[in-house]
Amino acid sequence: MHDLLTGVFFWITLGVCLIGMLARFIMYFRGLSWQLDRVAYTSYPAAGFKGAVRSIYKWLIPFGTYGWRTQPFIAIAFFGFHLGAVLIPLFLLGHNLFLREKLGISFFTLNADVADIFTWMAVASAFFLVLRRLVLPEVRIMTTRYDYFILLVSIAPFITGLLARYQVGEYSFWLNMHIFCGELLLIAIPFTKLSHVFLFFASRAQLGMDFGIKRGGMKGTKMAW
Amino acid sequence: MPEGKFCNKKPVDTAEGINELLSDTSGNDYYKEMKELEVDSDLLWKTIQNTVKSRMKTWLEICAHCGMCADSCFLYEVNGRDPKQVPAYKIQSTLGEIIRKKGKVDNEFMRHCMEVAWAQCTCCNRCGMYCPHGIDTGIMFGYLRGLLYQQGFVPWELKIGAGMHRVYRAQMDVTDADFVDTFEWMVEEYEDDYPGLTVPVDVEGADIMYTVNAREVKHYPEDLAEAAILFHIAGENWTVPSKGWEETSLAMFAGDWAACKMQVESVYAAMERLKPKRMIGTECGHAHRATVVEGPYWAGRKNGQPPVESIHYVEWLAEALNTGKLKIDPSKRIKEPVTLQDSCNYIRNQGLKKATRDIMKHIVEPGFFIEMSPNKEHNYCCGGGGGFNGIGLFRKQRNIALIKKRDQILETGAKLVLAPCHNCWDAIRDLEEVYEIGIRWSFLKPVVVKMLEIPEHLRPEE
């Protein structure tokens with residue numbers, strides 16, 4: 001089982017995820033239409049680029065925008081979750097060892113204690129994100145089972161990873177579960193709402209171009225995100 | 001009865017058609033007929049397939065249902081934080097639902113969508129600034145309005161308004177002759193006070209071509225005179241076109257894209273005919289948005305620009321004051337607490353916040369200008385934007401919507417509100433009428449005209 005998960009399944013899921021993301025990213029930008037969107041994308045590439053970069057960059061900074069500042073609770077839960085979700089898969093020692101074996105490459109490695117903190121932070125934040133969906137009427141009204149499913153798919157690798165790490169019960173079982181959940185997540189990325197992993201950048205870039213070109217950018221006004 | 005006599009899928013494009021619709025008081029029969037109007041699901045779905053592309057598809061797909069847009073929406077706040085007023089919910093439960101059902105929705109659902117699209121969103125685009133994914137729900141509501149218009153589910157007044165543009169190339173039944181006559185008449189009224197005051201009609205190659213809001217011609221002709229006086233004192237070489245003088249677009253509020261195109265093309269044709277250096281529009285927000293910001297795209301202009309550089313009145317006024325073309329008599333500056341309404345259509349949606357602040361520096365005694373909170377791009381809609389002011393059916397909802405602006409104004413403590421936008425001006429007038437908070441409101445022109453330092457050679461002989 002372990003060989004299958006770390007062998008052929010790994011290659012398939014990684015391939016589907018990367019190719020799927022790339023294809024959808026390209027399709028997104030090819031599908032933008034200056035006339036339907038009413039943004040002269042290609043006429044002012046410099047203004048568009050500046051607007052796009054600003055729009056992405058501002059929102060990547062914790063408390064970098066009015067939106068984050070006016071809602072500190074979700075900002076903390078959001079960054080707590082996403083820091084773990086981005087850093088742990090890429091920079092955990094175990095993941096890097098695995099990548100070196102498989103791909104011959106590895107990234108910077110997080111200190112084990114720091115990695116523990118990020119992982120627990122992601123799990124705790126996910127808990128708060130669920131709680132928020134249950135408690136706040138303005139979030140509850142929109143929340144569907146699909147939203148919980150996406151959260152579950154996203155957090156399952158962390159939970160199984162922790163169970164393996166603390167060797168609760170049988171280590172190899174949890175390790176296999178962890179790899180399985182991780183691969184499920186990879187497969188889900190291009191085909192579900194998890195596509196926001198990369199479409200976030202596309203969508204933010206689009207609105208940034210809109211403001212950069214049409215809604216003030218060319219008048220010399222930077223959008224106060 | 002699939003297609004009614006008044007309420008149907010056909011746009012109104014004759015004067016008789018408009019009169020007929022107007023004869024149906026308050027649209028009583030129109031709305032009765034709407035209950036029977038059939039939904040052309042095939043057309044609806046075909047239109048969606050042709051026009052919902054990357055941007056909107058992605059917006060609807062990646063919306064995380066996080067609710068961060070809730071607090072950004074003034075309608076959510078003033079309606080007791082009703083979760084049904086959360087922007088993401090509003091669009092997902094209308095446009096999102098139509099798409100999920102591939103256009104197979106019924107009459108009742110379409111009427112519900114009409115209420116949400118026109119009475120629960122003013123297309124102020126504020127929520128777009130608060131969404132981590134950059135989802136601009138206001139844009140989607142503008143789009144939804146187009147779908148609803150195509151199916152005949154549009155508020156009565158806006159069907160008429162869009163029809164007016166189709167017939168008169170103006171939002172009201174004001175003809176080209178009415179426009180020129182009224183402008184000339186108003187200028188004559190002020191000739192004695194301002195010797196040499198004229199309204200140059202159809203002058204080719206002028207520095208400025210001025211365009212207006214038809215309401216000024218019909219209901220507020222003083223505004224035309226004030227515009228003429230300010231250009232005159234500033235020594236501008238200006239003109240008005242006898243055709244293509246209307247800058248507004250109720251068609252944009254209605255979602256009648258074909259009429260939007262007809263309307264802006266009439267203004268662009270005037271620009272091409274008269275070849276002015278610049279076009280300046282009056283103190284109106286949506287007119288500027290329609291003719292300068294969105295219009296080029298409706299007219300198929302790939303660079304997103306009108307044929308000649310086009311600016312808002314506040315940009316011209318700021319420039320005239322900053323360069324000294326217009327001089328203010330310091331003793332006549334505003335010396336009472338005064339606040340300023342930022343119009344969504346050219347502040348949030350075209351970044352002109354500096355121009356209006358420059359003007360305030362010139363016309364208000366230091367220390368008396370009080371900003372609303374929040375302000376500039378983050379300011380709230382006046383409460384009557386996007387056509388909301390004009391829809392009788394939704395008057396009750398509109399009056400609730402005014403509460404946010406009322407409270408913002410009250411918080412400043414100012415009794416005078418400057419509102420360089422027709423829509424905002426109306427909403428603020430109405431909020432005083434409904435809530436009686438004891439405020440006065442004004443455009444910039446009448447205020448500035450009264451405090452000008454008039455150069456010696458332009459003064460009347462004693």
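Okay, let's start with two helices in chain A: α4, residues 45–60, and α12, residues 196–214. Their axes come within 7 Å and cross at roughly 130°. Keep in mind that this is a predicted model. So are those two helices parallel, perpendicular or oblique to each other? Angles over 145 degrees would count as roughly antiparallel, and 65 to 115 as roughly perpendicular; α4(A) and α12(A) are therefore oblique. And the crossing is right-handed.

Now, who meets whom there? On the α4(A) side you've got A47(A), G48(A), K50(A), G51(A), A52(A), R54(A), S55(A), I56(A) and W59(A). Facing them from α12(A), the residues include F201(A), R204(A), L207(A), M209(A), F211(A) and I213(A). If you sort that contact by class, you get 10 nonpolar, five polar and three charged residues.

Let's stay in chain A for one more stop, R38(A). This one sits in the loop between α3, residues 34–37, and α4, so if you follow the chain out of α3 you run into it on the way to the helix we just talked about. What's odd about its backbone? Phi of R38(A) is near 55°, which is positive, and the residue isn't a glycine. As for its surroundings, R38(A) has 18 C-beta neighbours inside 10 Å, so it counts as partly exposed; buried would take 20 or more.

Over to chain B, where K275(B) does a similar thing. Again it's not a glycine, and again phi is positive, about 45°. Where is it? In the loop between α14, residues 257–274, and β3, residues 278–281. K275(B) has 13 other C-beta atoms within 10 Å, so this one is partly exposed as well.

Next, R333(B). Look in the loop between α16, residues 313–322, and β5, residues 338–340. With 16 C-beta neighbours inside 10 Å, R333(B) is another partly exposed residue. Which residues does it touch, if we leave aside neighbours within four places in sequence? Those are I328(B), I363(B), V364(B), E365(B) and M451(B). While you're there, find M360(B): it's 27 residues from R333(B) along the chain, and their C-alpha atoms are separated by 9.8 Å.

Last thing, and still in chain B: the peptide bond joining S373(B) and P374(B) is cis, with omega about -10°. To find P374(B), go to the loop between α18, residues 353–363, and α19, residues 395–401. That's my tour, thanks!

Technical notes:
Residues numbered from 1 in each chain as written. Chains lettered and ligands numbered in written order. Predicted model: local features only at pLDDT ≥ 70, side-chain atom pairs only at ≥ 80, totals over all residues. Axes fitted to C-alpha atoms, helices over the stretch in contact; angles between N-to-C directions. Helix = DSSP H or I, 4+ residues; strand = E, 2+ residues; numbered from the N terminus. Parallel < 35°, antiparallel > 145°, perpendicular 65-115°, else oblique. Left-handed = near helix turned anticlockwise from the far one by under 90°. Contact = placed C-beta atoms within 7 Å. Nonpolar A, V, L, I, M, F, W, Y, C, P; charged D, E, K, R; others polar. Buried ≥ 20, exposed ≤ 12 C-beta atoms within 10 Å, placed from the backbone.
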